[in-house]
Amino acid sequence: MVKGLNSNIDEIVHVDQLPACVITTLLPFKDDIIFDSVIGTSQMVLGSNVALKIFEDSNAQPKVYTLPNERDGN
């Protein structure tokens with residue numbers, strides 16, 4: 001749920017590059033968390049059993065597309 005100043009993070013780190021370690025600076029900005037548009041990435045390689053378990057676990061979780069707003073009490 002991190003936003004970019006000029007581009008969303010999914011426009012910079014494409015899905016075919018995942019999983020990836022990302023090095024950036026996160027900053028609070030108004031009601032959002034943003035990254036500073038400078039990103040360093042390193043590719044990760046996962047074994048097939050680990051990748052399958054992560055995929056299964058992520059599919060079992062509810063999808064959240066917005067962060068709760070603390071001011072609203074959510």
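**Strand pairing, helix α2 and surface of a predicted model**

Me: How many bridges join β1 to strand β4, and in which sense do the two strands run?
Reply: In this predicted model, strand β4 covers residues 32-35 and runs parallel to β1. Within this pairing, K3 has I34 as its bridge partner in β4, and G4 has F35 as its bridge partner in that strand. The sense of the pairing is thus parallel, and the number of bridges that join β1 to β4 is two.

Me: In what order do the three strands of the open sheet stand?
Reply: The open sheet is built from three strands, and its pairing is mixed. β1 and β4 run parallel, whereas β3 and β4 pair in the antiparallel sense. The edge strands, each of which pairs on one side only, are β1 (3-4) and β3 (26-29). Read across the sheet, the order is β1-β4-β3.

Me: Over how many bridges do β3 and β4 pair, and which residue is the bridge partner of F29?
Reply: The pairing of β3 with β4 is antiparallel and extends over four bridges. Along it, L27 stands opposite I34 of β4, and I34 is also the bridge partner of K3. For F29, the bridge partner in β4 is D32.

Me: Which residue in the turn between β3 and β4 has a positive phi, and is this residue buried or exposed?
Reply: β3 and β4 form a hairpin with two residues between them, and K30 has its place in the loop that links these strands. Most residues other than glycine have a negative phi. K30 nevertheless has a positive phi, near 55°, although this residue is not a glycine. Because its relative accessible area is 74%, above the 50% cut-off, the residue in question, K30, counts as exposed.

Me: Which residues is S7 in contact with, leaving aside its neighbours within four places in sequence?
Reply: S7 lies in the loop between β1 and α1 (9-12), and at 25% relative accessibility it counts as partly exposed. The C-alpha atom of S7 is separated by 7.8 Å from that of S37, although the two residues are 30 apart along the chain. With neighbours within four places in sequence left aside, the contacts of S7 are I12 and F35.

Me: Where along the chain are the two side chains that meet in the salt bridge, and what is the N to O distance?
Reply: Side chains of opposite charge can pair when their charged atoms come close. The structure holds one salt bridge, and the side chains that meet in it are those of K53 and D57. These residues are four apart in helix α2, so about one helical turn separates them. From N to O, the distance is 3.1 Å.

Me: Are K53 and D57 buried, partly exposed or exposed?
Reply: A residue is partly exposed when its relative accessible area lies between the 20% and 50% cut-offs. K53 has a relative accessible area of 46%, while the value for D57 is 37%. Both values fall between those cut-offs, so K53 and D57 are each partly exposed.

Me: Which residues form the nonpolar patch on the surface?
Reply: The patch has about 300 Å² of accessible area in total. One of its members, V50, is found in helix α2 (residues 48-60) and is partly exposed, with a relative accessible area of 44%. The residues that form this patch are M44, L46, V50 and I54.

Me: What percentage of the residues in the protein chain is buried?
Reply: The protein chain contains two helices and five strands, which from the N terminus on run β-α-β-β-β-β-α. The accessible surface of the chain comes to about 6,400 Å², and 56% of this surface belongs to carbon and sulfur atoms. Among contacts with a separation of 6 or more, residues 24 or more positions apart account for 49%. Of the 74 residues, the buried share is 5%.

Me: Where is confidence lowest in the protein chain, and where is it highest?
Reply: The average pLDDT of the protein chain is 76, and 85% of the residues score at least 70. Confidence is lowest, at a mean of 72, in β1, which is also one of the two edge strands of the sheet. The highest mean, 86, belongs to the other edge strand, so the names asked for are β1 for the lowest and β3 for the highest confidence.

Technical notes:
Residues numbered from 1 in each chain as written. Predicted model: local features only at pLDDT ≥ 70, side-chain atom pairs only at ≥ 80, totals over all residues. Heavy atoms only, no water. Patch = residues over 30% accessible without salt bridge, like charges linked within 9 Å, V, L, I, M, F, W, Y side chains within 5 Å. Areas by Shrake-Rupley, 256 points an atom, 1.4 Å probe, with all protein chains shown as cover. Salt bridge = Lys/Arg side-chain N within 4 Å of Asp/Glu carboxyl O. Buried < 20%, exposed > 50% of the residue type's maximum accessible area, 1.4 Å probe, protein only. Contact = heavy atoms within 4.5 Å. Pairing = 2+ DSSP bridges. pLDDT = per-residue confidence, 0-100.
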